[in-house]
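Here are a few exercises to work through with the model open beside you. Take each task in turn, try it by eye, and then follow the solution.

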Amino acid sequence: MCRHLAYLGEAVTLRSVLMDPPHSLQAQAWAPRRQRHGVVNADGFGVGWYADGDPVPARYRRAKPIWSDPTFADLARVTSSRAMLAAVRDATSGTEAGEAAAAPYAADCWLFSHNGALSGWPAAGAALAADLPAGDVLALEARCDSAVIWAVVLRRLRAGSGLADALDETIRELTARQLGGRFNFLLTDGKSIAATAAGDTLCYRSGPAGVVVASEPGDDEPGWIDVPDQSLVQATAGSVVVRPIGAAGPAGAAGPAGVPAAPAGVPAAPAGVPAAPAPAGPNGRTPFR
């Protein structure tokens with residue numbers, strides 16, 4: 001129901017990641033190639049990014065399509081960052097419209113996006129929110145499924161869970177409550193990325209300059225790796241680990257069954273199989289062009 005992307009690495013302009021690739025996130029707003037649910041993503045967009053030395057991200061969100069905002073195009077041309085998270089929105093039926101419902105959601109040092117839908121909205125959302133503290137419910141940015149799920153993730157982050165664990169625990173809670181849906185989550189603190197593939201497409205590409213985790217490839221160059229469904233991704237600018245949702249493993253340190261983390265651009269190896277050397281990006285430098 002959306003497309004989203006996160007980047008970590010060398011300082012680059014927002015435009016070079018989000019707009020310049022031939023099948024960029026901006027292009028995916030009107031012509032997604034792998035989207036399984038919905039046709040276009042014209043119900044708003046948002047971008048969050050980090051400035052050097054400031055752990056609190058800046059955000060730019062609008063309720064209109066990304067291609068119709070010349071102000072953002074100008075901003076993206078001159079704004080550089082080492083970490084960003086962006087999304088284009090196809091709203092779940094019955095959820096709130098408007099800028100406040102557009103990802104990324106933000107709190108403290110974190111940015112979050114949800115590509116998918118909570119089945120049975122709004123009753124399912126009410127059931128999920130029932131166990132949240134009243135203050136968390138009042139702090140919801142919008143009346144939509146993604147905002148309620150973000151409140152659950154944020155509660156776990158503030159209780160001390162790492163990025164990957166917070167997403168993993170949230171999906172297990174949804175499953176335990178028999179709340180269905182598609183739960184592709186994307187979360188960053190500006191230093192690492194955690195993501196889930198749970199009902200929709202997810203891929204990544206990593207190279208010497210950094211890593212991109214995205215709903216779908218931004219180009220047709222080699223190096224993109226598809227993430228299996230029901231998987232959790234943990235990424236930094238130097239490594240990517242993929243493990244099943246629910247599998248134990250220290251965040252950013254090990255894959256399934258304690259397998260050492262894979263080098264950048266290489267999926268975690270199965271138990272007993274050595275990890276392959278890390279490939280360079282398609283031009284030997286960047287992971288996105």
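**Exercise 1. Find which side chain makes a polar contact with the side chain of Asn-41, and decide whether Asn-41 is buried or exposed.**

Solution. Keep in mind that this is a predicted model.

- Step 1: start at the side chain of Asn-41, which makes a polar contact of 2.8 Å with the side chain of Gln-35.
- Step 2: look for a backbone partner too. The Asn-41 side chain also reaches the backbone oxygen of Gln-28, at 3.0 Å.
- Step 3: place the residue in the fold. Asn-41 sits in the loop between α2 (25-28) and β2 (45-49).
- Step 4: check the accessibility. Buried means under 20% relative accessible area. Asn-41 has 0% relative accessibility, so it counts as buried.

**Exercise 2. Work out how many of the 14 residues of α6 are buried, and what that says about its surroundings.**

Solution.

- Step 1: trace the helix. α6 has 14 residues and spans 20 Å from its first C-alpha to its last, close to the 20 Å expected at 1.5 Å a residue.
- Step 2: go through the buried positions. They run from Asp-145, Ser-146, Ala-147, Val-148, Ile-149, Trp-150, Ala-151, Val-152 and Val-153 to Leu-154, with Leu-157 as well.
- Step 3: draw the conclusion. Because 11 of the 14 residues are buried, α6 is largely enclosed by the rest of the structure.
- Step 4: name the neighbours. The buried residues of α6 pack against two helices, α4 (123-129) and α7 (163-176), and against the strands β5, β6 (110-118) and β7 (181-188).
- Step 5: look just past the helix. Gly-160 follows α6 and has a positive phi, near 110°.

**Exercise 3. Describe the lining of the largest pocket, and find which element gives the largest share of it.**

Solution.

- Step 1: take the volume, about 220 Å³.
- Step 2: find the centre. Of the 13 lining residues, Asp-136, Ala-139, Trp-150, Leu-154 and Arg-158 lie nearest to it.
- Step 3: assign the elements. β5 (105-107) and α6 (145-158) each give two or more residues to this lining, and α6 supplies the largest share, 6 residues.
- Step 4: sort by class. The lining has 9 nonpolar and 4 charged residues, with no polar ones.

**Exercise 4. Do the same for the second largest pocket: which residues lie nearest its centre?**

Solution.

- Step 1: the volume here is about 160 Å³.
- Step 2: 13 residues line this pocket, and Tyr-50, Asp-54, Asp-189, Gly-190 and Lys-191 lie nearest its centre.
- Step 3: by class, the lining has 5 nonpolar, 3 polar and 5 charged residues.

Conventions. Residues numbered from 1 in each chain as written. Predicted model: local features only at pLDDT ≥ 70, side-chain atom pairs only at ≥ 80, totals over all residues. Heavy atoms only, no water. 1 Å grid on protein atoms, 1.4 Å probe; cavity = no way out; pocket = protein on both sides within 12 Å on 5 of 7 lines; lining within 4 Å. Points joined across faces, edges and corners; volume = space filled by probe spheres on them. Helix = DSSP H or I, 4+ residues; strand = E, 2+ residues; numbered from the N terminus. Nonpolar A, V, L, I, M, F, W, Y, C, P; charged D, E, K, R; others polar. Expected span 1.5 Å × (residues − 1). Buried < 20%, exposed > 50% of the residue type's maximum accessible area, 1.4 Å probe, protein only. Contact = heavy atoms within 4.5 Å. Polar contact = N/O pair within 3.5 Å; in protein donor to acceptor, adjacent residues only side chain to side chain.
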